[in-house]
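Welcome! Let's look at how a few structural labels are earned, one question at a time.

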Amino acid sequence: MTESQRPSGEYPMYPSYGNGDAAYPPPPSYRPAQPITTGSGATVWPGGGADGHSGGGDDGYGDYHGLPQPAPQPPARGRRRVGRPVALLTAVAVAAAVVGGATATAIGQFTDSGSSGSGASSAVSGTTVSQSSAGTVAGVAQAASPTIVEIGASSNAGESTGSGVIITSDGEIVTNNHVIAGASTIKVTLSTGKTYTAKVVGTDADKDLALIKLEGASGLKTATLGDSSSLKVGDQVVAIGSPEGLTGTVTSGIVSALNRDVTVAKDGDSGQGQQGGGRSDWPFEFGGQQFNGDTGNSTTTYKAIQTDASLNPGNSGGALINMNGEIIGINSAMYSATSSDGSNSAGAGSVGLGFAIPVNTLKADLDTLRSGNSS
């Protein structure tokens, strides 16, 4: 056995603690602090209590509480790795919440700005009622009036006044066939007072519809065509036209009935009881009776919207509009309280009995009218 060459007393001996190999903690590898004797004769260990006792109770360390304690160890790497994904997930969740909130706000703003329409499909887009004025006659009038025009037609039978609706920015206008039938000259006056000459593009006498086009027009405000199939009896409506040449006259009422069979003359010169030689009092038949004169032998019948909105001679071809500002009918006939022989026109005027061609009939007929076919 190799003999130890360590001089005696070179290293201090430490008191034993614990039980054999299970002793813990192991003896420190450095020289412990030495006790200090105070003036009162008491012995104090650094970091401990008097007489070499720490006063910390019996915790297994005995008199070694005065020894310097090991420095705190940093957290194990495994724990740091656990913390990083948690922090990363938290940051991602916060970012997603911020982005999601902003997206929801943007979608909400977008949805609110488009809530004024009825959701119905339309053949053309145009002016509708602003959100702040939705549901009011004033709002409808402000939105739709710029799209309604006055039509003056001259023919061998004289002159007549009607109305029309602008459906394209370059001047396509829808009106009744009976307003322009047989006309040699057509003058159109906008709501601004500007006047254009118009040419006939196509007519459909069976549906009492016609399409005319302004010459040299551009940048015009256009109407929005709605969905007449969604109408219900009692719905509020607004009528805009040029009765007796009073451009842009606005009246209001309700839908009185739907799918009324109205019969009108197809021949522009067949009207009776007309004022000023024109076709302002276009005759029609309803319920087996004739109104405003004789419809003649050439007639056509269509399903109409009945309304009590005030219509007068000159409203023909103008618009019947819902409270969203969408065109739902083309005004085509109205009962005028004149004598049966037409000799007395003093009592002429609206009695709350008017009819309009459903806008869905117009939309289905637009391609035919634009093709230039006439019937």
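Q: What does contact mean when we ask what covers the buried residues of helix 2?
A: Contact means heavy atoms within 4.5 Å. This model is predicted, and in it the cover over the buried residues of helix 2 includes strand 3 (148-155), strand 10 (236-241), strand 11 and strand 15 (319-321).

Q: Which residues of helix 2 are buried?
A: Helix 2 spans residues 137-144, and Gly139, Val140, Ala141, Ala143 and Ala144 are buried there. That label calls for a relative accessible area under 20%.

Q: Why is asparagine 322 called buried?
A: Its relative accessible area is 12%. The cut-off for buried is under 20%, so asparagine 322 earns the label. Asparagine 322 sits in the loop between strand 15 and strand 16 (326-336).

Q: What does asparagine 322 touch, not counting residues up to four places away in sequence?
A: Asparagine 322 touches Val140, Gln236 and Ile328. Val140 is also among the buried residues of helix 2.

Q: What makes the link from the side chain of asparagine 322 to the backbone nitrogen of glutamate 326 a polar contact?
A: The side chain reaches that nitrogen at 2.9 Å, and the limit for a polar contact is 3.5 Å. The backbone nitrogen of asparagine 324 also lies 3.0 Å from a polar atom of the side chain of asparagine 322.

Q: Why do lysine 303 and aspartate 261 count as a salt bridge?
A: Their side chains meet at 2.9 Å, N to O. A salt bridge needs a side-chain nitrogen of Lys or Arg within 4 Å of a carboxyl oxygen of Asp or Glu, so this pair qualifies. Lysine 303 lies in strand 14 (residues 299-307) and aspartate 261 in strand 11 (residues 249-265), so the bridge ties together parts 42 residues apart in sequence.

Q: How do you know whether lysine 303 and aspartate 261 are buried or exposed?
A: Lysine 303 has 45% relative accessibility and aspartate 261 has 41%. Partly exposed covers what falls between under 20% and over 50%, so both residues are partly exposed.

Q: What makes lysine 213 and aspartate 170 a salt bridge?
A: The N to O distance is 3.6 Å, and the cut-off is within 4 Å. This pair links distant parts of the chain, 43 residues apart: lysine 213 is in strand 8 (residues 209-214), while aspartate 170 is in the loop between strand 4 (158-166) and strand 5 (172-175). Lysine 213 is partly exposed at 27%, and aspartate 170 is partly exposed at 35%.

Q: Which labels do lysine 207 and aspartate 204 get, buried or partly exposed?
A: Lysine 207 has a relative accessible area of 31%, so it is partly exposed. Aspartate 204, at 6%, falls under 20% and therefore counts as buried. These two residues form a salt bridge, with their closest N and O atoms 3.6 Å apart.

Q: How many salt bridges are there by this rule?
A: The count comes to 4 salt bridges.

Q: Why is the second largest cavity included in the count of cavities of 30 Å³ or more?
A: Its volume is about 40 Å³, set against a cut-off of 30 Å³ or more. The count comes to 2 cavities.

Q: Which strand gives the most to the lining of the second largest cavity?
A: Strand 3 does, with 3 residues. By class, the lining has 3 nonpolar, 6 polar and 1 charged residues.

Methods. Residues are numbered from 1 along each chain as its sequence is written. This is a predicted model: local features need pLDDT of at least 70, side-chain atom pairs count only at pLDDT 80 or more; totals for chains, interfaces and linings use all residues. Side-chain values use heavy atoms; hydrogens and water are left out. Helices (H or I, at least four residues) and strands (E, at least two) are DSSP runs, numbered from the N terminus. Buried means under 20% relative accessible area, exposed over 50%, partly exposed in between (1.4 Å probe, protein chains only). On a 1 Å grid over the protein atoms alone, a cavity is a set of points where a 1.4 Å probe fits but cannot get out, and a pocket is an open set with protein on both sides within 12 Å along at least five of seven lines; lining residues have an atom within 4 Å of a point. Grid points are joined across faces, edges and corners, and a volume is the space filled by probe spheres set on the points. Ala, Val, Leu, Ile, Met, Phe, Trp, Tyr, Cys and Pro count as nonpolar, Asp, Glu, Lys and Arg as charged, and the others, Gly among them, as polar. A polar contact is a pair of N or O atoms within 3.5 Å; within protein, one must be able to donate a hydrogen and the other to accept it, and residues adjacent in sequence count only if both atoms are side-chain atoms.
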